[in-house]
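This briefing concerns one helix of a protein chain and its surroundings. Please consult the sequence and the coordinates alongside the text.

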Amino acid sequence: MKPIENTISTDLDRYLAGSAANDIPSTANYVERGAALVTPHALVGLRALRGPLYAKIATLTEESRLRTRLETLAVFFDEWVADRTTPTPAVREAAFALLYFLKGFDRIPDSVPEIGLLDDALIVEHVLQNHGAAFRAHSLRRGRVWPVEL
């Protein structure tokens with residue numbers, strides 16, 4: 001896999017690698033700050049990391065809510081790339097959540113049994129709640145049924 005730091009900005013990489021000791025008062029604030037660092041370069045970088053992203057998503061069990069949610073964000077991002085429209089806050093936050101999931105060093109490392117993906121799930125949940133209407137509308141415009149579990 002191509003190292004993430006070679007495909008995204010140094011500031012975003014540093015932010016993603018920040019420790020839990022950083023002064024982050026909430027998940028919403030963390031995502032908002034991170035999404036603000038998602039530059040056009042980072043969006044291109046995420047596009048280049050599509051294969052490793054889908055491979056990591058595939059490691060989750062098929063019945064996993066996190067897997068369904070990540071797949072939804074990944075499809076949304078892929079379709080945004082295909083449409084080549086101006087990045088909206090929903091695109092930037094979806095990209096941030098996907099990069100956070102893909103990144104190796106989370107606030108709770110993915111390797112910690114039973115809770116390693118909790119922080120990833122919180123980030124993804126926040127993005128879906130914050131932009132759910134936009135994601136749902138996008139999905140329906142594409143002729144897809146919106147998953148009930150979202």
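The points below treat a helix, its surface patch, its buried residues and a neighbouring glutamate. The model is predicted, and residue numbers run from 1 along the chain as its sequence is written.

**Helix α7 and its geometry**
- Helix α7 comprises residues 118-141.
- A kink of about 75° interrupts α7, and H131 is at its centre.
- Just after α7, G143 adopts a positive phi of about 80°.

**The nonpolar surface patch**
- I115, L118 and L122 make up a nonpolar patch on the surface, and their accessible area together is about 270 Å².
- L118, which belongs to α7, has a relative accessible area of 45% and is therefore partly exposed.
- An α-helix has 3.6 residues a turn, so residues three or four places apart point the same way.

**The buried residues of α7**
- Among the buried residues of α7 are D119, D120, I123, V124, H126, V127 and L128.
- H131, on which the kink is centred, is also buried, as are G132, F135, H138 and S139.
- The cover over the buried residues of α7 includes α2 (27-36), α5 (65-83) and α6 (89-102).

**E79 in α5**
- Helix α5, part of that cover, contains E79.
- E79 counts as buried because its relative accessibility is 14%, under the 20% limit.
- Leaving aside residues up to four places away in sequence, E79 touches H138, R142 and R144.
- Of these contacts, H138 is one of the buried residues of α7.

Technical notes: This is a predicted model: local features need pLDDT of at least 70, side-chain atom pairs count only at pLDDT 80 or more; totals for chains, interfaces and linings use all residues. Side-chain values use heavy atoms; hydrogens and water are left out. Patches are made of residues with over 30% relative accessible area and no salt bridge: like charges are joined within 9 Å, nonpolar side chains (Val, Leu, Ile, Met, Phe, Trp, Tyr) within 5 Å. Accessible areas come from the Shrake-Rupley method with a 1.4 Å probe; for residues, only the protein chains shown count as cover. A salt bridge is a side-chain nitrogen of Lys or Arg within 4 Å of a carboxyl oxygen of Asp or Glu. Helices (H or I, at least four residues) and strands (E, at least two) are DSSP runs, numbered from the N terminus. Buried means under 20% relative accessible area, exposed over 50%, partly exposed in between (1.4 Å probe, protein chains only). The bend at a residue is the angle between axes fitted to the seven residues ending there and the seven starting there. Contact means heavy atoms within 4.5 Å.
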